Amino acid sequence: MGKSDKAERAKERREKRLQEISLLRTIPYSDHQRWWSAETVAVVTGGNRGIGFEISRQLAAHGVTVILTSRDHSVGLEAAKVFQEGGLNVFCHQLDVLDALSINEFCDWLKQNYGGLDILINNAAVNFNQGSDNSVEYASQVITTNYYGIKNMIQAMIPLMKHSSHGGRIVNVSSRLGRINGKRNKLEDANLREKLSNIDTLTEEMIDQTVSTFLQQVQEGTWESGGWPKTFTDYSISKLAVNTYTRLMARIFSERPEGEKIYINCYCPGWVKTAMTGYAGNISAEDGADTAVWLALLPDQAVTGKFFAERREISF
């Protein structure tokens, strides 16, 4: 089977799966599955456009109160207004996930107005490469926003997660490009792959050191011989860090007592037609948002520390 045949088969499989998911979305949750209500609060970072906008819409359509955040407050307010005119409980607050003052102000506002949150969707991210580009000119900004921004939000939101029998939910929007053992885009260093794959010995310092080493090599101009992923290198490493951090936090959260549990997973939305892909993707924002919403609302609380795509678990 030639490359074009394989690509065509893969395309057919993807389209068939997306049709299945579109059908699943039309099936309403039963009363016994619905652990949430209008009192349930979801925070969606970068919710003013693209996948974040669609995640906000779908969560609100299920009856959840959504707080979408945006660096540009006026843009966020316009997005929230669109939802409100449609009768959805969506509100906006300014938030820069890299600004400690902005995060603190958001935490204070969230606690004062809503008493905390039940669901956190870490969607805010950047990517400066398209097509066959692989520039690392903005590598520091990509790593800082995509990885450290998510870490900042998780650490800030942990104390605000409402205690309940269904547990808090965190969903990190990630990418298959960040798979440690991906076939076409993996780390070449077998020892580093093993280190980051071993959940029993994994530490936050190991993940931080990995991204720091990459950024150091970018500064020195030696990154191309560093054995890093070959496609969208800076973005791929940022998402590899997100995936690995998700597994680490799942292990840490598992030690929390009953009634204070937090379940955390990550997912790949696919190559979505949004500004980030220059609208060159092959998946709609509606389909790209689906798995995030499905994970956030899962009635089965035991799912944590996993990686998903199209409502199916995939390997890290």
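**Sheet order and helix packing**

Strand β2 (residues 65–70) and strand β3 (residues 90–94) run parallel and are joined by five bridges; strands and helices here are DSSP runs (E of at least two residues for strands, H or I of at least four for helices), numbered from the N terminus. This is a predicted model, in which local features need pLDDT of at least 70 and side-chain atom pairs count only at pLDDT 80 or more, while totals for chains, interfaces and linings use all residues. Residues are numbered from 1 along each chain as its sequence is written, and side-chain values use heavy atoms, with hydrogens and water left out.

Within the β2–β3 pair, Thr-69 sits opposite His-93 of β3. To get from β2 to β3 the chain goes through helix α3 (residues 73–85), giving a right-handed β-α-β crossover (with the strands pointing away from the viewer, the path from the first strand over the helix to the second runs clockwise). Helix α3 lies across both β2 and β3, at about 175 degrees to β3; axes are lines fitted to C-alpha atoms, for helices over the stretch in contact, and angles run from 0 to 180 degrees between N-to-C directions.

Zooming out, the two strands belong to an open sheet of eight, ordered β3-β2-β1-β4-β5-β6-β7-β8 with mixed pairing (two strands pair if DSSP finds at least two bridges between them). The edges are β3 and β8 (312–314), each pairing on one side only. From one strand to the next, the twist averages 25 degrees. Further along, strand β6 (residues 262–267) and strand β7 (residues 307–309) run parallel with two bridges, and Tyr-267 stands opposite Phe-308 in β7.

Helix α5 also lies on the sheet, across β4 (119–122), β5 (168–173) and β6, running at about 170 degrees to β4. Its axis and that of helix α7 (residues 204–220) come within 10 Å and cross at roughly 170 degrees, which means α5 is roughly antiparallel to α7 (angles over 145 degrees count as roughly antiparallel, under 35 as roughly parallel, 65 to 115 as roughly perpendicular and the rest as oblique). Among the residues in contact (heavy atoms within 4.5 Å) are Ile-143, Tyr-147 and Tyr-148 of α5 and Ile-207, Val-211 and Phe-214 of α7. By class, this α5–α7 contact has nine nonpolar, two polar and three charged residues; Ala, Val, Leu, Ile, Met, Phe, Trp, Tyr, Cys and Pro count as nonpolar, Asp, Glu, Lys and Arg as charged, and the others, Gly among them, as polar.

Helix α5 (residues 139–157) has another partner in helix α4 (residues 100–114), packed at an angle of about 35 degrees with the axes 11 Å apart. Here α4 passes α5 in a right-handed crossing (the near helix is turned clockwise from the far one by less than a right angle; anticlockwise would be left-handed). Ile-103, Phe-106, Cys-107 and Leu-110 of α4 meet Asn-152, Met-153, Ala-156 and Met-157 of α5. That contact comes out as seven nonpolar, one polar and no charged residues.

Finally, helix α2 (residues 50–61) packs on helix α9 (residues 285–296) at about 55 degrees, with axes 8 Å apart, so α2 is oblique to α9. This crossing is right-handed too. Ile-51, Ile-55 and Leu-59 of α2 are among the contacting residues, as are Ala-289, Ala-292 and Val-293 of α9. The α2–α9 contact divides into eight nonpolar, three polar and four charged residues.
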